[in-house]
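Work through the exercises below with the sequence and the model open. Each task is followed by a solution in steps.

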Amino acid sequence: MQKESKQPGRVRAALLNWLGVPLSLTNGAWLADAYGSPTASGKPVSVDSAMQLSTVWACVRLLSETVSTLPLRVYRKRAGGGRDVASDHWLYGLLCKSPNSEMTPGRFRLFIVASLTVRGNAYVEKRRIGSRIVALHPLLPQNVEVKRDSTTGRLNYRVTENGKVRTLQADDVMHIRGFGLDGICGIQPVGAGREIIGAATAANEASAKIFAQGMQASGILTVEAGTLAKEQRERIRQNLTTFSQSTAAGKLMVLEAGMKYQGITMNPESAQMLATRGFNVEEICRWWGVPPFMVGHMDKASSWASSVEAQNLHFLTSCLRPILDNIEQEIIRCLVPREEWDSVYAEFSVEGLLRADSAGRAAFYNSALQNGWMNRNQVCALENLPPIPGGDVYTVQSNLTPLQSLGTAPAQADAARAALRAWLAELPTAEVETA
């Protein structure tokens, strides 16, 4: 006989409904997400507690804000090669103008990347009128549960909002996955790195307690002779409690009856507190792939790049590029109609991250203009300058000859030389010598 699934009682169901928790998440997963998972350091780690660490905050903010400021454009491929901005395409309005009635494109991308870096997954609901997508609404990852339908084999998304549960089909959700091992969902970085984050939290708390105690660690009171009564010991301990706070620094301590105080000090360097906290910064950065110098951790080992341009290139290639490619491919898979997969696509513009100093940009533009793979108006666009008349002409190094005139200039020169020789042949010999 099959055992029926036990449903929660009315009180428990009402509480879960008020908290906005789906009934299928009552196996401890929601409690671990809300209150944190236990760690060996004794500090439970959750997303909220992890975001209180400056390194975690800096990594998440750096990735999400950087991607949100990169221009995202929708392009259409030309038949003969090249591409044009597809500003007339309906997807251009959603991704580049307004994804929904409440968000700008920058805030929309910031939420997406923040969900990826913190939760490992980003979910976007596609709102339609008929068959056309008219809005993109991001969903809170902690309120989404992914299940595979045993009948159809497709993924379903159970979304809990305001205590109500609704199921979305795979065609109605753009699911952007972070790094994962099962191909269905990305792994949550905070959960996977909870031991490192917990150790960093414990180190921060220990250092805070050291600074909070003006006497650093505890001390020992000794008397010349005799034994103190229990009441005397308690009274002395209470009187000295005021000197154990940081606000008591500089106050004079008065001891009676021949008492002597011997402090037990433990400075942060002896406990390797500073080295531990510095190492925790590098450990946390490894979980997000962020170079430590990008979050303000500057030392000889972490700031290897010799210039700002080299640092930005390292940050782009090793950290941002996988995130950008992931988003671009999911846009094509989930938003672009299948019949337009070979002609329409979205792409981030990363040229702004690679801008060098004025001398470096001048050398780059000079090479591009002299070799004919950029024109002057394209350079003006990269420098946010207005176009100039005649700036759409491509030139090459040979006296900056227009690209379309190559091949005609030598023929014209040969014709001029032939005409000069014919004219000289018709002149008398004396006149030719004079000429």
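Rings of Phe, Tyr and Trp (its six-membered ring) pair if their centres lie within 6.5 Å; planes under 30 degrees apart count as stacked, over 60 as edge-to-face and the rest as tilted. This is a predicted model, in which local features need pLDDT of at least 70, side-chain atom pairs count only at pLDDT 80 or more, and totals for chains, interfaces and linings use all residues. Residues are numbered from 1 along each chain as its sequence is written, and side-chain values use heavy atoms, with hydrogens and water left out.

**Exercise 1. Aromatic rings**

Task: Find how many aromatic pairs the structure holds, and classify the pair of phenylalanine 364 and tryptophan 373.

Solution.
- Step 1. The count of aromatic pairs is four. The ring centres of phenylalanine 364 and tryptophan 373 are 5.7 Å apart and the planes stand at 70°, so this pair is edge-to-face.
- Step 2. A pair of aromatic rings is described by the distance of the centres and the angle of the planes.
- Step 3. For accessibility, buried means under 20% relative accessible area, exposed over 50%, and partly exposed in between (1.4 Å probe, protein chains only). Phenylalanine 364, at 43%, is partly exposed, and tryptophan 373, at 46%, is partly exposed.
- Step 4. Phe364 and Trp373 belong to one aromatic cluster with Tyr365.

**Exercise 2. Overall content**

Task: State how many helices and strands the protein has, and what share of its residues is buried.

Solution.
- Step 1. Helices (H or I, at least four residues) and strands (E, at least two) are DSSP runs, numbered from the N terminus. The protein has 15 helices and eleven strands.
- Step 2. Of the 435 residues, 33% are buried.
- Step 3. Contact means heavy atoms within 4.5 Å. Among contacts with a separation of 6 or more, 59% join residues 24 or more positions apart.

**Exercise 3. Two open sheets**

Task: Give the strand order of the sheet that contains strands 5, 6 and 7 and of the sheet that contains strands 1, 2 and 11.

Solution.
- Step 1. Two strands pair if DSSP finds at least two bridges between them. One open sheet has the order 5-6-7 with antiparallel pairing. Its edge strands, each pairing on one side only, are strand 5 (144-148) and strand 7 (164-169). The twist from one strand to the next averages 25°, where axes are lines fitted to C-alpha atoms, for helices over the stretch in contact, and angles run from 0 to 180 degrees between N-to-C directions.
- Step 2. Five bridges join strand 5 to strand 6 (residues 155-161) in the antiparallel sense. Valine 144 is opposite valine 159 of strand 6.
- Step 3. The loop between strand 6 and strand 7 holds asparagine 162. Asparagine 162 is not a glycine, yet its phi is positive, at about 55°. With 78% relative accessibility, asparagine 162 is exposed.
- Step 4. The other open sheet is antiparallel, in the order 2-1-11. Strand 2 (83-85) and strand 11 (344-348) are its edge strands, each pairing on one side only. Here the twist averages 40° from one strand to the next.
- Step 5. Strand 1 (residues 72-77) and strand 2 run antiparallel and share three bridges. Arginine 76 has aspartate 84 of strand 2 as its bridge partner.
- Step 6. A charge sits over a ring if NZ of Lys or CZ of Arg is within 6 Å of the ring centre and within 35 degrees of the ring normal. The charged end of arginine 83 sits over the ring of tyrosine 75, 3.8 Å from the ring centre.

**Exercise 4. Strand 8**

Task: Are the faces of strand 8 covered or uncovered?

Solution.
- Step 1. In strand 8 (residues 173-177), five of five residues are buried.
- Step 2. In a regular strand the side chains alternate between the two faces of the sheet.
- Step 3. Val173, His175 and Arg177 lie on one side and Met174 and Ile176 on the other; all are buried, and both faces are covered.
- Step 4. Strand 8 pairs with strand 3 (residues 121-129) in the antiparallel sense over five bridges, and tyrosine 123 stands opposite histidine 175.

**Exercise 5. Threonine 39**

Task: Is threonine 39 buried or exposed, and which residues is it in contact with beyond its neighbours within four places in sequence?

Solution.
- Step 1. Threonine 39 lies in the loop between helix 2 (29-35) and helix 3 (47-50). Its relative accessible area is 13%, so threonine 39 is buried.
- Step 2. Outside those neighbours, threonine 39 contacts Val45, Arg194, Glu195 and Gly198.
- Step 3. Threonine 39 and isoleucine 196 are 157 residues apart in sequence, with 9.0 Å between their C-alpha atoms.
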